[in-house]
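Thank you for making time for this at the group meeting. I would like to go through one model with you, and I will ask you to keep the structure open while I talk.

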Amino acid sequence: MKHLVLGGARSGKSRYAESCAEATGKTLFYLATAQAGDQEMSERIAHHRQSRSSHWQLIEEPVALHEALATMNHSEACILIDCLTLWLSNCLLLNNWETMREAFLSALDRQSSDIILVSNEVGHGMVPLGELNRRFVDESGRLHQSLAAHCDKVTLVTAGLAQTLKEAATP
Amino acid sequence: MKHLVLGGARSGKSRYAESCAEATGKTLFYLATAQAGDQEMSERIAHHRQSRSSHWQLIEEPVALHEALATMNHSEACILIDCLTLWLSNCLLLNNWETMREAFLSALDRQSSDIILVSNEVGHGMVPLGELNRRFVDESGRLHQSLAAHCDKVTLVTAGLAQTLKEAATP
Amino acid sequence: MKHLVLGGARSGKSRYAESCAEATGKTLFYLATAQAGDQEMSERIAHHRQSRSSHWQLIEEPVALHEALATMNHSEACILIDCLTLWLSNCLLLNNWETMREAFLSALDRQSSDIILVSNEVGHGMVPLGELNRRFVDESGRLHQSLAAHCDKVTLVTAGLAQTLKEAATP
């Protein structure tokens, strides 16, 4: 089961994704893409950590998500990746986005664990100034399209409320 | 009945909220949080005023919404608050946001009138530059989550069209 | 049949609109509002062109959409206009927005062909800096409301997935 959870900033998407993961009854892994580069980001990470229960094993990987996935490729695991937007941002800065994206999409297809992907919806505002910002918005939208096609379920979270955008029929 | 109406800029959320209020058949109060600080804002307020019918009593309160609510706490009233985003912005500038938010959420729970809350969805674009702007987006998202949990009904308006995100079963 | 397709940047709205058009079985016209003003825009146009099949006849018109529509006003045509956001932007820069908008809305009502309109949802981020930018967001929202009222069907595309916001009952 692969589930993409989209939402705006502070939409409650992470909490929703965590409750979906906890409902699986599987061994829970939290794959965090955030890096505590400055104080503001440290506080955001602490805020997220505080709101999770202690049943989670934390893995931190800002770039090579496919390598982290490979270490947890078994059917009794549920891996929550939060969030893909920061991962995209990290890869764009390192100039290895295409490689990392392709490696990740391939890893997803090989993965036997449950995966819940959390990503920010960033494309509903003004087209931002600056070529890098526009590339970020473009690649984010393209990534969401690819992932939505790969996933069994896609949910959009607004004000803590979930809308189902896609739900594959269970066999 | 408490109803949260979310929508982007010029999505038709105010007009939708007004039609919901008018359908209640109750005494209508329009609690406006906007202040006519500059000409552009004056024109926006005039534009909104023009589009409302004359059945409304106008109360203007940019900050202490809980005090305004207390003066209209009876079951024959329907109060439309438009909009919470400006209220948040006003409170952040006055540095009293936490106090005002808590007072407002408590007042909501004590209120026997119908309440319709209008707020802007601002968290679906790029994370904005500047710590204050990011705080605005964060607090806006958190506020929407709290309010959605407090409200019986939550609606998202896009292009004048309403999507129901939450609807509590009527007893 | 008039169909408004809204979506964020790289949401898959163009591809979805194209598949709707192809499903009509009518003669397909692609009315493009983009102008290849700089290299980045040229690449975006090329990217869009590449992803369309060869069944399309291309018309380029950045401003006077009503004139372009008049040349294809027959019931065996399906015209996809992509995208209205750029058209709005072009008209604001030329300072003829009100005239062009009214002419377009009138032309829509007279049109006997199928029309599929693609437009960017830009109003769900922070209110942008600059009066022209705010005007752009405001006019975009107002335009979407007007068009949604004129159209038989309105669809919101997120991550390549379509949500129906409006669907008029077929007679």
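I will begin with how the chains are related, then turn to a contact between two of them, and end with two places in chain C.

Please keep in mind throughout that this is a predicted model. If we lay chain B on chain A, the two fit with an RMSD of 0.0 Å after a turn of 120 degrees and a shift of 0.0 Å along the axis, and that is the relation of a three-fold axis. Which residue of chain B comes closest to the rotation axis? That is B:Gly125, whose C-alpha lies at 2.4 Å from the axis.

Now to the contact between chain B and chain A, to which chain B gives 19 residues and chain A gives 22 residues. Between them the two chains bury about 1,800 Å², with 58% of that on carbon and sulfur atoms. On the side of chain B, the residues that lose the most area to chain A are B:His124, B:Met126 and B:Gln145, which together account for 40% of what that side buries.

As for polar interactions, the count between these two chains is one salt bridge, in which the side chains of B:Asp138 and A:Arg10 meet at 3.2 Å, taken from N to O. There are also five residue pairs in polar contact between chain B and chain A, counting pairs with both residues at pLDDT 80 or more. The elements of chain B that give two or more residues to this side are helix 6, residues 131-150, and strand 7, residues 161-167, and the largest share, nine residues, comes from helix 6 of chain B. By type, the residues on this side of chain B divide into six nonpolar, seven polar and six charged.

Let me move to chain C, and to helix 1, which spans residues 13-22. Is this helix mostly covered or mostly uncovered? It is mostly covered, since seven of its 10 residues are buried, namely C:Lys13, C:Ser14, C:Tyr16, C:Ala17, C:Glu18, C:Cys20 and C:Ala21.

The other place is C:Gln57, which sits in strand 3 of chain C, residues 56-60. This residue counts as partly exposed because its relative accessibility is 42%. Leaving aside neighbours within four places in sequence, C:Gln57 is in contact with C:Thr27, C:Leu28, C:Phe29 and C:Tyr30. The C-alpha atoms of C:Gln57 and C:Ala77, which are 20 residues apart along the chain, are separated by 11 Å.

Notes. Residues are numbered from 1 along each chain as its sequence is written. Chains are lettered from A and ligands numbered from 1 in the order in which they are written. This is a predicted model: local features need pLDDT of at least 70, side-chain atom pairs count only at pLDDT 80 or more; totals for chains, interfaces and linings use all residues. Side-chain values use heavy atoms; hydrogens and water are left out. Copies are superposed by least squares on the C-alpha atoms of residues with pLDDT of at least 70 in both. Buried means under 20% relative accessible area, exposed over 50%, partly exposed in between (1.4 Å probe, protein chains only). Helices (H or I, at least four residues) and strands (E, at least two) are DSSP runs, numbered from the N terminus. Contact means heavy atoms within 4.5 Å. Buried area is the accessible area (1.4 Å probe) that two parts lose on being put together, summed over both. A salt bridge is a side-chain nitrogen of Lys or Arg within 4 Å of a carboxyl oxygen of Asp or Glu. A polar contact is a pair of N or O atoms within 3.5 Å; within protein, one must be able to donate a hydrogen and the other to accept it, and residues adjacent in sequence count only if both atoms are side-chain atoms. Ala, Val, Leu, Ile, Met, Phe, Trp, Tyr, Cys and Pro count as nonpolar, Asp, Glu, Lys and Arg as charged, and the others, Gly among them, as polar.
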